[in-house]
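Visitor: I'd like to know what sits behind the labels people put on a model like this one. Can we go through a few of them together?

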Amino acid sequence: MTAKQYLRRLSGAALALLLPCSAAVSAPTAWPVMAVPAGIETFATGGEMRVNGLPLHVRGVLSARTPVQVAALFRASLGQPLTEHTRDGTLVLGRALGEFYATVQLQPAGSGTRGLLAVSHLGAAPGPHDSATDRLLSRFPAGSRLLTQTRSVDGPRRAELLTVSNDMGVESNVRHLRRALEAQGYTLERADSAASAPGGATSLFFKTSASEALAVIYRDSQGHTAIALNTITRLESAR
């Protein structure tokens, strides 16, 4: 796994699970700057990002020191009160900074450490019936539930990954999503069905002159239908 693939996986999955939610508050103040202990390298991870509607500032972390040593340094720099827990081998430190929330996520990388520094703006979190969420769900059958939403901008490319669940069958979801995307100017280029695979997954590949979309639709272990829709738009073409 490359460094970029690792960061995208960790940002899209771990941040969505580990950052707390809150209701919208007043207009944002300046974003806080997290102090980085001496001897720890940080680097950009590809621009602005949103996870489940929360704006995030994210940087990668690399150090030749062990996770125990790096964690001790960040505990000292973050100060108190500090939350701390471990999830799937990743140590997570968190601290509220007014209407922002900072997390440090660390895991072993050979004899050293890699991870993420993330600051989320809780005051910008959408409400449970946010109009933007309704717009996203308009592509899917009535009664669909938005499970996760991840957005990122990397140079001229904007990516958005949605995962949605509902109680309709796979074929009904395929027909509905195809109609919705074609109404938005997408053309279906290919459809692949793996009837023998668990959940009977169907993959749909769409294109426009400026965007590409991949939808994977399948039955999950609870008997619901799950849809993962990944869209990539070239920003200079979308203007």
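Guide: Sure. Let's start with a cut-off: a residue is called buried when its relative accessible area is under 20%, and exposed when that area is over 50%, with partly exposed in between. Keep in mind that this is a predicted model.

Visitor: Okay, why is Ser 165 called buried?

Guide: Ser 165 has 5% relative accessibility. The cut-off for buried is under 20%, so Ser 165 counts as buried. You'll find Ser 165 in strand β9.

Visitor: Which residues is Ser 165 in contact with, leaving aside its neighbours within four places in sequence?

Guide: Gly 143, Ser 144, Arg 145 and Leu 147 are among them, and so are Asp 220, His 224, Thr 225 and Ala 226.

Visitor: Arg 145 also turns up with Asp 167. What makes that pair a salt bridge?

Guide: Their side chains meet at 3.8 Å, N to O. The rule asks for a Lys or Arg side-chain nitrogen within 4 Å of a carboxyl oxygen of Asp or Glu, so the pair qualifies. Asp 167 lies in the loop between β9 and α4, while Arg 145 is in strand β8, so the salt bridge ties together parts that are 22 residues apart in sequence.

Visitor: And how do you know whether Asp 167 and Arg 145 are buried or exposed?

Guide: Same kind of check. Asp 167 has a relative accessible area of 54%, and exposed begins over 50%, so Asp 167 is exposed. Arg 145, at 33%, is partly exposed.

Visitor: What about Glu 84 and Arg 75, why does that pair count as a salt bridge?

Guide: The N to O distance is 2.6 Å, and the limit is within 4 Å, so the pair passes. Both ends are partly exposed: Glu 84 has a relative accessible area of 41% and Arg 75 has 30%. By this rule the count comes to 4 salt bridges, including one between Asp 192 and Arg 190 at 3.3 Å.

Visitor: Let's turn to the core. Which residues touch the most other members of the largest nonpolar core?

Guide: Phe 140, Leu 177 and Ile 217, out of 17 residues. The largest share, 4 residues, comes from α4. Phe 140 has contacts with Leu 162, Val 164, His 176, Leu 177, Ile 227 and Leu 229, not counting residues up to four places away in sequence. Another core, of 16 residues, lies apart from it, with Val 61 and Phe 100 among them.

Conventions. Residues numbered from 1 in each chain as written. Predicted model: local features only at pLDDT ≥ 70, side-chain atom pairs only at ≥ 80, totals over all residues. Heavy atoms only, no water. Core = buried A, V, L, I, M, F, W, Y, C linked by side-chain atoms within 4.5 Å. Buried < 20%, exposed > 50% of the residue type's maximum accessible area, 1.4 Å probe, protein only. Helix = DSSP H or I, 4+ residues; strand = E, 2+ residues; numbered from the N terminus. Contact = heavy atoms within 4.5 Å.
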